[in-house]
Amino acid sequence: ILLLLLGVVILLGKISLDLYLGQSNLKNSQASLISGDFEKAQKQANNAENSFKSAKAEVQFIAYPLTFVLKEETDQVTNVVKSLELTATAASSFVEGSKNLAHNFAIIANPSAKNEGFDLDLPSANFKKAYSDSSQALFLIKSQKNLPFKQQLQTATQELEKLNFVSQRAY
């Protein structure tokens with residue numbers, strides 16, 4: 001029993017680490033995007049997505065035995081982590097769309113440049129995916145009630161609403 005308990009504690013620590021790394025990478029991706037470093041922003045958004053995917057798998061693993069007793073609570077926690085994963089996916093799509101749009105602007109601004117790689121549909125498709133994923137994440141996170149970490153959920157919801165808004169406008 002002690003070994004099982006130790007395993008659960010280690011897994012909870014890993015989940016916490018993955019959530020922290022995902023959140024940190026999303027923040028850093030936003031800062032990199034604002035500074036115009038698209039490659040770094042893309043890498044950080046992808047890292048956030050991978051961290052949240054890992055956290056989601058771990059939460060589902062640890063929550064499975066609890067679903068028989070605390071179905072609603074485990075579903076809510078799982079949905080929050082799914083929402084975070086979708087948020088990172090949306091951020092990644094938004095960064096990709098921004099990068100493609102900046103490339104198009106560079107081609108337009110340089111009259112001697114050839115039209116190689118000029119594609120207005122690609123950024124639009126990226127922004128549409130970002131909007132779709134962020135809308136789904138927003139729905140999931142807003143539907144969660146009675147969880148002990150309300151302040152963190154409220155902050156995440158506000159940031160997600162911003163991403164959803166700019167994705168919709170860019171699309």
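This is a short talk about how the helices of one predicted chain pack together.

Hi everyone, and thanks for coming. Some ground rules to begin with. Residues are numbered from 1 along each chain as its sequence is written, and side-chain values use heavy atoms, with hydrogens and water left out. The model is predicted, so local features need pLDDT of at least 70 and side-chain atom pairs count only at pLDDT 80 or more, while totals for chains, interfaces and linings use all residues.

How confident is the predictor? The average pLDDT of the chain is 91, where pLDDT is the predictor's confidence in each residue, from 0 to 100. A score of at least 70 is reached by 99% of the residues. Among the elements of the chain, α4 has the highest mean pLDDT, 95, and α5 the lowest, 90. A general reminder: where pLDDT is low, the predicted coordinates should not be read in detail.

Now the overall picture. The chain has five helices and zero strands; helices (H or I, at least four residues) and strands (E, at least two) are DSSP runs, numbered from the N terminus. Reading along the sequence gives the pattern α-α-α-α-α. The C-alpha trace spans about 70 × 30 × 25 Å along its principal axes. Of the 171 residues in the chain, 37% are buried. Here, buried means under 20% relative accessible area, exposed means over 50%, and partly exposed lies in between (1.4 Å probe, protein chains only). If we take the contacts (heavy atoms within 4.5 Å) with a separation of 6 or more, 72% of them come from residues 24 or more positions apart.

Let's look at the packing, beginning with α1 and α3. Which way do they run relative to each other, parallel or antiparallel? They pack at an angle of about 20°, with their axes 11 Å apart. Axes are lines fitted to C-alpha atoms, for helices over the stretch in contact, and angles run from 0 to 180 degrees between N-to-C directions. α1 and α3 are therefore roughly parallel to each other; angles under 35 degrees count as roughly parallel, over 145 as roughly antiparallel, 65 to 115 as roughly perpendicular and the rest as oblique. The crossing of α1 past α3 is left-handed, a word used if the near helix is turned anticlockwise from the far one by less than a right angle, with right-handed used if clockwise. On the α1 side you will find Leu-19, Leu-26, Ser-29 and Leu-33, and among their partners in α3 are Leu-84, Phe-94 and Val-95. This contact has eight nonpolar, three polar and no charged residues. For those classes, Ala, Val, Leu, Ile, Met, Phe, Trp, Tyr, Cys and Pro count as nonpolar, Asp, Glu, Lys and Arg as charged, and the others, Gly among them, as polar.

Next come α3 and α4. Their axes are 8 Å apart and the packing angle is about 160°, so the two are roughly antiparallel to each other. α3 passes α4 in a left-handed crossing. Their contact divides into 11 nonpolar, 12 polar and four charged residues.

The third pair is α4 (residues 121-142) and α5 (residues 150-170), whose axes come within 8 Å and cross at roughly 155°. That makes α4 roughly antiparallel to α5. The crossing is again left-handed. Including Phe-127, Tyr-131 and Leu-138 in α4, the residues here meet a set in α5 that includes Leu-153, Leu-160 and Leu-163. By class there are 11 nonpolar, six polar and two charged residues.

Let me finish with some single residues to find on the screen. What does Lys-142 touch, leaving out residues up to four places away in sequence? Thr-157 and Glu-161. Lys-142 is in α4 and is partly exposed, with a relative accessible area of 42%.

Gln-76 sits in helix α3 (residues 71-109). Gln-76 is buried, at 9% relative accessible area, and touches Gln-144, Lys-145, Asn-146 and Leu-147, again not counting residues up to four places away in sequence.

Ala-109, also in α3, is exposed, with a relative accessible area of 63%. Its C-alpha atom is separated by 53 Å from that of Ala-63, 46 residues apart along the chain.

Last, Leu-6 in helix α1 (residues 2-35) is partly exposed at 48%. Leu-6 and Asp-133 are 127 residues apart in sequence and 36 Å apart in space, C-alpha to C-alpha. Thanks for listening!
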